[in-house]
Amino acid sequence: MNRAQWNQLADTFETEVCDIAREETRDQLSRFVRAVDLSPKNSVLVDLGCGIGSFIRKFHYRFRDVTAVEFAPRIIARAKKNCADVPQVRWLAMDIPNAAAAIGAVAYLTVCMNVITSPSRARRHAIWTTIAKVTKPKCHALIVVPSLESERMVRRVGRGTDASLPEGLVQRDDAVQKHFERNELMSTLARAGFVPVRISRIYYPWSKEGMRKPRSGGGKGPWDWVCLAQRRAGGRARKP
Ligand SMILES: C[S@@+](CC[C@H](N)C(=O)[O-])C[C@H]1O[C@@H](n2cnc3c(N)ncnc32)[C@H](O)[C@@H]1O
C-alpha cells in the first residue's frame, strides 16, 4: 500500500488495521521489551512506521527519547494526539528509507511492526537497511511481520480461498502483502546485519481475519512473527 492508501485508513485505523501493540492477546510485546537492557536515563527508541502511536504510548517510559517515523500525514496526526502527554517524542513525517540520514545510528531499540509488507523486494530491502542504519551496534531491533504459516492455518480452518501468490505474497482485500515464513525472517534478519535472539508467535483476534473463532483447528488464533534481534557490532548488511 502506498502513502495515499494508508492515509485513507487514518479514521478507521482501529477497525481496519491490526495494531499489534493494542490488540495482541497474550502480552508478548511486554516480555520482548523486558528482555532488552534499557535505561530511561539514556535509551533511545526509534519506531519506524509508528501508526497511531500505540507502541510509544505503552512503552515510552522505558526510554529517554523517542523518534517516530510515519509517512501518512493523517495517521501521524492521530499518533501525536494519542501521545500528546508523552514527553520527548520527535515526530518525522517521512518515508522510512529517508529516515536514516535524519536519525543516525542512535536507537537502543528500533521497532518496526507490520510495516515490511510491500510486495516490492526493493522497497522491503530499503526498510531492512534503514532498520540496520538507525540501530546502534550491539543494540536491538524488535520486528513484527505477517506470518505465512498463520495465513495457511487461517485458510485451512475457515477462509477456504487460496489468496496466496508466489514468494509469500498474499492478496488482502485490494492490496497484496508480503508474509514471512519463520526461517525466511531469520535469514533475512541475518543478511540485514542482525543476530536473531528471540522469536515467537504474537497472537491477534480472529475478528482481524474477518472470522469468529473456529470450533476446531484454530489453535491459539492467528499470529504474526515477533522477533528480537541484535545488531552485529561491525560489518555491512548484505542484500536481504
Ligand atoms: C500496519 S500499520 C502498523 C502501525 C504500527 N507499527 C502498529 O504496529 O500498530 C503500518 C504503518 O506503517 C506506515 N508505513 C508503511 N510504509 C511506510 C513507509 N515506507 N514509511 C513510513 N511509514 C510507513 C503506514 O502508514 C501505517 O501507519
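1. Strands β8 and β9 (residues 223-231) are joined by nine bridges and run antiparallel. Within this pairing, Y203 has W223 of β9 as its bridge partner. The model is a predicted one, so the points below should be read as descriptions of a prediction.

2. The β8-β9 pair belongs to an open sheet of seven strands, ordered β3-β2-β1-β4-β5-β9-β8, in which the pairing is mixed. Two strands stand at the edges: β3 (89-92) and β8 (194-203). Each of these has a single partner strand, so one side of each is left without a neighbour in the sheet. On average, and ignoring direction, neighbouring strands in the sheet are turned by 15° against each other.

3. A helix packs on this sheet: α10, residues 182-191. The strands that α10 touches are β5 (135-146), β8 and β9. Between the direction of α10 and that of β8 the angle is about 150°.

4. A further pairing involves β6 (residues 169-172) and β7 (residues 175-178), which are antiparallel and share four bridges. L169 is matched with K178 of β7 as its bridge partner. The two strands make a hairpin, with two residues between them. In the turn, D173 has a positive phi of about 50°.

5. Turning to the ligand, 19 residues surround it. The closest are D19, G49, E70, D95 and M113. Sorted by class, this shell consists of 12 nonpolar, three polar and four charged residues.

6. Which polar atoms of the protein lie by the nitrogen and oxygen atoms of the ligand? The side chain of E70 places an N or O atom 2.5 Å from an oxygen atom of the ligand. A polar backbone atom of I96 is 3.0 Å from a ligand nitrogen atom. For M113, a backbone N or O atom lies 2.9 Å from a nitrogen atom of the ligand. On its own the ligand has 590 Å² of accessible area, and the protein covers 96% of that.

7. To recap for a new reader, the main places to look at are the seven-strand open sheet, the β6-β7 hairpin and the ligand with its 19 surrounding residues.

How values were computed:
Residues numbered from 1 in each chain as written. Predicted model: local features only at pLDDT ≥ 70, side-chain atom pairs only at ≥ 80, totals over all residues. Heavy atoms only, no water. Near = heavy atom within 4 Å. Polar contact = N/O pair within 3.5 Å; in protein donor to acceptor, adjacent residues only side chain to side chain. Areas by Shrake-Rupley, 256 points an atom, 1.4 Å probe, with all protein chains shown as cover. Nonpolar A, V, L, I, M, F, W, Y, C, P; charged D, E, K, R; others polar. Pairing = 2+ DSSP bridges. Axes fitted to C-alpha atoms, helices over the stretch in contact; angles between N-to-C directions. Contact = heavy atoms within 4.5 Å.
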